[in-house]
Amino acid sequence: MTLTVGLDIGGSKILGVLVDGDGAVVAEHLAMTPRGDVRAVEDALIAVVDHLRAATDRPVSALGVGAAGLVDVRRGVVLHSAHLPWRDEPLRARLAERTGLAVTLDNDATAAAWAEQRHGAGAGAPDMLFVALGTGIGGAIFSGGRLVRGRTGLAGEFGHVQVVPDGRPCPCGLRGCWERYCSGTALAESTMPEVAHWLAVGLGGLVATFDPDVVVLGGGLGVPETGLLTHAETHLRDHLTGGAHRPAPRLVYAALGPRAGALGAAGLAATGH
Ligand SMILES: [Zn+2]
């Protein structure tokens, strides 16, 4: 049976996993993301892949990549990344050329969502929203069991939905984006209860739009210790039309931890969707 490599590339760390056809982890490797140019990052990725391939005698057939940034999935290009030097970077083609593997490229939140929907907190839920609450907000949408990507793969950028007209400026160029009020960055100037309030506000809009079975909260703040979902569960109906008269979706924390992105990237590469 062939193996698949999954990479989760963040602004500070690169996590690689080698998984078999059942999704079991055969090997794992963590590296720091280098502070440097595009080539330095690429070399670090190749080093992680080489390390994982050296850990097995079995054939490796594919490489799946989840990258922190705006990813044009169709073209295999990272359009922009806030924390990495990629600008219109043809990462899929570059990695395919250097590894000789079939490569798939996705956004990191999409990859984590895939893993949670197949094996984690959203397993068995055909209509699932994934909200990754970290420095900003990433997200992904499953509808009818299918990943909803949009035309180019950019669907699910929940963090830049405007919640306050003319509100706080966002590095993306807009104002009043949800992640300016509800994220780790927002916590520098807001209290946890204030962030929880904005979580309920934003989830109200998402639930009204997508009518999910379950909302999975992931990312660094998507852990029970924050208490965020306790508050959001109580106040969601205040921000949802017909809130007292409609069945509420389940709100749950992500189950797979920091490995979710790499596992999902490998899964997307192995299954193709
Ligand atoms: Zn924004």
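Me: In what order do the five strands of the open sheet line up?

Reply: Keep in mind that this is a predicted model. Five strands make up an open sheet here, and their pairing is mixed. Reading across the sheet, the order is E11-E10-E9-E12-E13.

Me: Which strands sit at the edges of that sheet?

Reply: An edge strand pairs on one side only. Two strands fit that description, and they are E11 (146–148) and E13 (250–253).

Me: By how much are neighbouring strands of this sheet turned against each other on average?

Reply: Direction is ignored for this one. Taken as an average over neighbouring strands of the sheet, the turn comes to 25°.

Me: Zooming in on E10 and E11, which residue of E11 is the bridge partner of Ile 141?

Reply: E10 covers residues 137–143 and runs antiparallel to E11, with three bridges joining the two. Ile 141 has its bridge partner in E11, and that partner is Val 148.

Me: Now to the start of the chain: is strand E2 mostly covered or mostly open, and how many of its residues are buried?

Reply: E2 takes in residues 13–19, which makes seven residues to look at. A residue counts as buried if 20 or more other C-beta atoms lie within 10 Å of its own. By that test E2 is mostly covered, and the buried count is six of its seven residues.

Me: Which residues stand opposite Val 17 in the strands E1 and E3?

Reply: E2 pairs with E1 (residues 3–9) in the antiparallel sense over six bridges. E2 also pairs with E3 (residues 25–32), again antiparallel, over seven bridges. Val 17 of E2 faces Gly 6, and its bridge partner in E3 is Glu 28.

Me: Which residue in the hairpin of E2 and E3 takes a positive phi?

Reply: The hairpin from E1 to E2 goes through three residues. The one of E2 and E3 has five residues between the strands. In this second hairpin, phi is positive, near 85°, at Gly 23.

Me: Are helices H1 and H2 parallel, perpendicular or oblique to each other?

Reply: The axes of H1 (residues 38–53) and H2 (residues 91–99) come within 11 Å and cross at roughly 45°. Angles under 35 degrees would count as roughly parallel, and 65 to 115 as roughly perpendicular. The two helices are therefore oblique.

Me: Which residues of H1 and H2 make the contact?

Reply: H1 passes H2 in a right-handed crossing. The residues of the contact divide into four nonpolar, one polar and three charged. From H2 come Arg 94, Leu 95, Arg 98 and Thr 99, and from H1 come Glu 42, Leu 45, Ile 46 and Val 49.

Terms used. Residues are numbered from 1 along each chain as its sequence is written. This is a predicted model: local features need pLDDT of at least 70, side-chain atom pairs count only at pLDDT 80 or more; totals for chains, interfaces and linings use all residues. Axes are lines fitted to C-alpha atoms, for helices over the stretch in contact, and angles run from 0 to 180 degrees between N-to-C directions. Helices (H or I, at least four residues) and strands (E, at least two) are DSSP runs, numbered from the N terminus. Angles under 35 degrees count as roughly parallel, over 145 as roughly antiparallel, 65 to 115 as roughly perpendicular and the rest as oblique. A crossing is left-handed if the near helix is turned anticlockwise from the far one by less than a right angle, and right-handed if clockwise. Two residues are in contact if their C-beta atoms, placed from the backbone, lie within 7 Å. Ala, Val, Leu, Ile, Met, Phe, Trp, Tyr, Cys and Pro count as nonpolar, Asp, Glu, Lys and Arg as charged, and the others, Gly among them, as polar. A residue is buried if 20 or more other C-beta atoms lie within 10 Å of its own, exposed if 12 or fewer, and partly exposed in between; C-beta atoms are placed from the backbone. Two strands pair if DSSP finds at least two bridges between them.
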